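Opening the notebook on a new model today. I want to look at the core first, then the overall build, then a few odd spots.

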Amino acid sequence: MKKISFQDYLPFIFLAVIAIIGIFIPVLPNFADASKYNSADIAWILVASSLVFLMTPGLSFFYGGMVNKKNVISTMMQSFIATGLISVVWLVVGFSLAFGKSYHGIIGDPSTFFMFKNVGSGAPWSLAPTIPLLLFALFQMKFAIITPALVVGAVAERIRFTSYVLFMVLFSLLVYAPIAHWTWHPDGILFKLGVLDFAGGTVVHISAGCAALAGALVLKRRKDHIEKKELQPANIPFVLLGTGLLWFGWFGFNAGSALSANALAASAFATTNTATAAAGLSWVFFDVIRGRKPSALGFCIGAVVGLVAITPAAGYVGIPQSIFIGFIAAIISNIAVHWKSKTSIDDTLDVFPCHGLGGMVGMLLTGIFATKAVNEAGNNGWMYGNFDLFKNQVLGLLLVVGYSFTVSYGIFKLINLIHPLRVSEEEEELGLDVTQHNENYHPSLISISDNGSLKEEDELVHS
C-alpha cells in the first residue's frame, strides 16, 4: 500500500475544518418579506441554475471523448471534480470575493457572505430584485464551477490530479472571483467602465482560455506531441453527447443571465441557438473548402465555439446578427487551431483557440452589434454610432487577458514548487487513468494493485 504523507492529509483536514466551522454559523430565517419576489422568475432561475450545472458533466464527456483512451477517466474526473470542489469554495468565500462589499471595484470583502452568512435571509441582489439572494448566489456558483473545469482541456494527459485540484482552488479565488467582481458587480471597475458581458465572455471564457495557455506553456509538451504522433479520439460519441449537453445547458447559461423570466431571456435563448447552429455549420463547411471531409468532431467543436462567442453578446444583440457572430468566430478559431498545430504549443484540446479566442471575438462583436433595441440596460455599439462601447470592450478584454494569463502562469509555477505539476514519464506512458485513479476505461490496459505493482486488466472496468 502507498505510504501516506502529510500532504495527502491536507485536503481532508481543510474540508474537516470547514465542516466544523459550519456547525457554529448561525441560521437565520429564510427570505424575509417574500412578497417582493416573483414566482415565475424564481422558477426560471432554478431551472437555469440546473441547466448550467449540467454543462460541467457535459464538458467532461466533451473532453473525455477527445483524449487518448488511456486518459479518458482522468480527463473527465479533472473537470467533474469541480462540481464538488468549487461548490464548497464558493460557499465559504468565493461568493464574497465576487459579489461582496467592493474594495475600490477590485475585489469583494471576504467577510460579507463568509460561509453564506446572511445569504439566505439577505436582501436580493440589486440587479436581480425579483429572486432571493440565495438563488442568485447558487446561479452564479454554477458559472464558478465550470470555469476552472474548462482549463483541463489544455493540460490533459500530463497533469497530476492533486496538483490540478490545488490549481482549481487558487484560480477560483485569485482569477475568477476578481474578474467576476470587475465585470458583474455594480461597483466593479469594468462594470463602471461600461464593459458589456452578458453571461461570461470575459469572466468565464477569456479567463479560462488564457489560463489554459499559461498551463500549456508551464507543463510543456507531451511526449506524443514532441514525436508528432497523431492519436485518435477515444470516443467520438462521447464528444457528441457532451456537445448536446453543453448546448442544452447553455440555454440556462445565457438566457438565465437575464435573471428574470422575461422577453430578454427569450431573446438570449434565440441568439444562443442561432449563433451555435451557424458556428457548427461554418466550421464544417470551412473544413470542406480546405480539402477536409465534414466530420462529427468538427461540427461539435464549431458549435461549442459558437456557444462561447455568443455568451457575452446574447442579451445585447439581435437574432440576425448572432448568425454572423457564430459564423466568423468558428472560422477564426478553425484557423487558429490549424496554426497552433504547427507550433510547439501543446494545448491538448485547443482550449485557447476555441474558448479564449472565441470569447475575445464575442466581446469585440458585442461592442459592434449591441443595441438598446434589444436591451435598454445595455448600450449601442459601433454599428449604431457608438464607438466608445467598442473601445471599452477592447480595454476590458486586454485587462482580463493580461491579468488571467499572468496570475494563472504564476499559480502553475507556484504549485510546481510545492508539489510536482506533471506526472512522471512512465506515468504519462501508462496513462493517467491507471496511474492517478487506478481505473480503466478500456479493457486490457494496465492497472495498479494495492501493493503498488502493475498488473494487466482482463475486463472493462468503470467504463
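Core first. I looked up the largest nonpolar core (buried Ala, Val, Leu, Ile, Met, Phe, Trp, Tyr and Cys residues joined through side-chain atoms within 4.5 Å), and it has 125 residues. Phe95 and Tyr176 have the most contacts inside this core. Its largest share, 16 residues, comes from helix 5 (residues 133-155).

Note on provenance: this is a predicted model, where local features need pLDDT of at least 70, side-chain atom pairs count only at pLDDT 80 or more, and totals for chains, interfaces and linings use all residues. Residues are numbered from 1 along each chain as its sequence is written, and side-chain values use heavy atoms, with hydrogens and water left out.

Next I pulled the contacts (heavy atoms within 4.5 Å) of Tyr176. Skipping neighbours within four places in sequence, Tyr176 touches Trp90, Gln140, Phe143, Ala144, Thr147, Phe171, Trp184, Val203 and Val204.

Overall build. I get 17 helices and four strands, taken as DSSP runs numbered from the N terminus (helices H or I, at least four residues; strands E, at least two). The radius of gyration, over C-alpha atoms, is checked against 2.2 Å times the number of residues to the power 0.38. For 463 residues a compact globule would come out near 23 Å, and the protein's 22 Å agrees. Along the principal axes, the C-alpha atoms fill a box of roughly 65 × 60 × 35 Å. Of the contacts with a separation of 6 or more, 74% join residues 24 or more positions apart.

Burial. I use under 20% relative accessible area for buried, over 50% for exposed and partly exposed in between (1.4 Å probe, protein chains only). Buried residues make up 55% of the 463.

Helix 3 (residues 72-80) caught my eye: seven of its nine residues are buried, so this helix is largely enclosed by the rest of the structure. The buried ones are Val72, Ile73, Ser74, Thr75, Met76, Gln78 and Ser79. They pack against helix 2 (39-64), helix 4 (82-99), helix 5, helix 6 (161-184), helix 10 (236-255) and helix 17 (432-437).

Odd backbone spots. Lys220 is not a glycine, yet has a positive phi of about 65 degrees. I find Lys220 in the loop between helix 8 (201-219) and helix 9 (223-226). Asp350, also not a glycine, has a positive phi of about 60 degrees, in the loop between helix 13 (319-340) and helix 14 (351-369).

Which of these two is buried or exposed? Lys220 counts as exposed at 52% relative accessibility, whereas Asp350 counts as buried at 15%.
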